[in-house]
Amino acid sequence: MKKIVLSLVAMAALLGTLVSLPQLFAADAETGNLVIHFKKWNDEYTGLGGFTWAVISEKQTYDGLDDFGAYFEYSDIPVVAEDSTATIPFIAVNYADGSTDWSNKFTSDILINQTVIKANKTTHVYVFQGRNDDPGKSTAENPRWFAADPDMHNMLLVYFDPTGNYDENLGVHNWGGWSIGDAGWSVPNKVFSTAGETEGGQVVKAAMLSIEPGDGGAVKDGGLLIYEGGDANKRTGDVKIQLAYGEGTHAVGTTAAAWVVSKGAPYTDGDNVYYGFDAFEDYAAEAFTFRLNPFSLDSNTGQPSGTYAVRPTQIIVKTSAPVNNLYAVAETAQAQDQALATMKSWFKVTLKGTQTELAIERIDFALRNSSISDFVVVLADGVQLDNTKQYVLSFNDGVNEAQIDVNMDTEGPEISFPLLGEENIILVQWGQPFDLDDFPLYSAFDDRDGDVTAKVFVPAGPNAILDTRVEADYTIMLQVEDTWGNVTQVTFIFRVTKNPQA
């Protein structure tokens, strides 16, 4: 081949012309750069390294620290075709004495699509601490890495719900030209995937969102809110990328952050959004501090969760992170009894504003689980919560401490008439015996007791009378009472008429 090339060059010289021969030489492969940013929830990075087995090189220590966490820099990574399935593997792991300490991993296999690498550009990818076993590996549904677009302004949106109640419809409503498009108000843009898990095992969600830069590098006025498709399940007010970046112009390809902690729904005050990577410390203090999870209702199923009094004698308790189960490690009956007594002492119920304690009979929980986050506090015989008063539940196991106002049922069940019109009027034939089939179909549901339709009755009195011999409107009352003594009364009208078809 070398002789052929030399012959062609010599021939060109004889002919007095210049011959270009690109087809005889392979062009240099296009490459780009990669920066992997890694976040530990406690921001402690001593000994942290990055293990890999392809494309990039193993690093026994990170290259630097920034407001997000530690970062690893890699250069000259080949650009692949857009439909390539090639991946760049990465595991965040501690290194001890120059070797990987596999007992101290902070992620499982993170498989970054190599298609994120752009020619002559630097791509920034963000990875969070999470499970270090097989369920923590990258999947199509939960890649567990978030790549910023080097040609856009980017916002890393991190969302944490202390109750773990991530509804399948959770998403964002967005406006202002985001690259994800806008499906309309009632259709959430389901941008979230699992970012990682805290050391207590709580799932954290995240999304990387991008928007084209404005003139001169200005950040456009893109906004969003987190919700499940309606006003009743909003988790935030407006979240703005301009607030995440701050004032001024910003380089294309950079990333800003918005950290969000759920405070239930509906919630739109805006004080649960923390802007900027440097706001993580304040965010973590609010989001990850050990707490007793507040009461909430699932917007789809109506099922309650969190910490609340399920009935006047029982309080369901949900902690934000698991605590050690002393009973599970007790080896004798005597040790088990002592463990139960100790764990019972962790809880205290007091009348708010006083030192008056309510006697506790026992604490129920999963006895054999090594760690637990769900308890039931059972009050002593003859002791009940009064939902006209306020109580405080306190928890202190010597390691974690928290308290919360006891959520009690203060609302009666809801009675509905699915087949009646807005006026709630039923026409009855004058002069004919009353037909029970004319009684309206109804149902009753309570947010604590569930279906209480069987408890509905017509109380005696003036609103229990119907005389089909006299044309008139007769107001009939239905009544139902829940476990807490909350009473609901609704009325409808039997209209006795000689012309019920009119």
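This report describes one strand, its two partner strands and some exposed residues in a predicted model.

**The strand β10**

Strand β10 spans residues 153-160, and eight of its eight residues are buried. In a regular strand the side chains alternate between the two faces of the sheet. On one side of β10 are His153, Met155, Leu157 and Tyr159. On the other side are Asn154, Leu156, Val158 and Phe160. The residues on both sides are buried, so both faces of β10 count as covered; buried here means under 20% relative accessible area.

**Its partners**

β10 pairs with two strands, listed below with one facing pair of residues for each.

| Partner strand | Sense | Bridges | Residues opposite each other |
|---|---|---|---|
| β13 (residues 203-211) | antiparallel | seven bridges | histidine 153 and isoleucine 211 |
| β16 (residues 255-261) | parallel | seven bridges | valine 158 and tryptophan 259 |

**Exposed residues in loops**

Aspartate 278 sits in the loop that links β17 (273-275) to α3 (280-287). Is this residue buried or exposed? Aspartate 278 is exposed, because its relative accessible area is 60% and the cut-off for exposed is over 50%. Aspartate 278 also belongs to a patch of negative charge on the surface, together with Asp66, Asp67, Glu281 and Asp282.

Proline 433 lies in another loop, between β28 (425-429) and β29 (443-446). With a relative accessible area of 70%, proline 433 is exposed as well. How far is proline 433 from leucine 156? Their C-alpha atoms are separated by 70 Å, and the two residues are 277 residues apart along the chain. Leucine 156 is one of the buried residues of β10, whereas proline 433 is exposed.

Definitions and conventions. Residues numbered from 1 in each chain as written. Predicted model: local features only at pLDDT ≥ 70, side-chain atom pairs only at ≥ 80, totals over all residues. Heavy atoms only, no water. Buried < 20%, exposed > 50% of the residue type's maximum accessible area, 1.4 Å probe, protein only. Helix = DSSP H or I, 4+ residues; strand = E, 2+ residues; numbered from the N terminus. Pairing = 2+ DSSP bridges. Patch = residues over 30% accessible without salt bridge, like charges linked within 9 Å, V, L, I, M, F, W, Y side chains within 5 Å. Areas by Shrake-Rupley, 256 points an atom, 1.4 Å probe, with all protein chains shown as cover. Salt bridge = Lys/Arg side-chain N within 4 Å of Asp/Glu carboxyl O. Lys, Arg positive; Asp, Glu negative; His and termini not counted. Charge placed at Lys NZ, Arg CZ, Asp CG, Glu CD.
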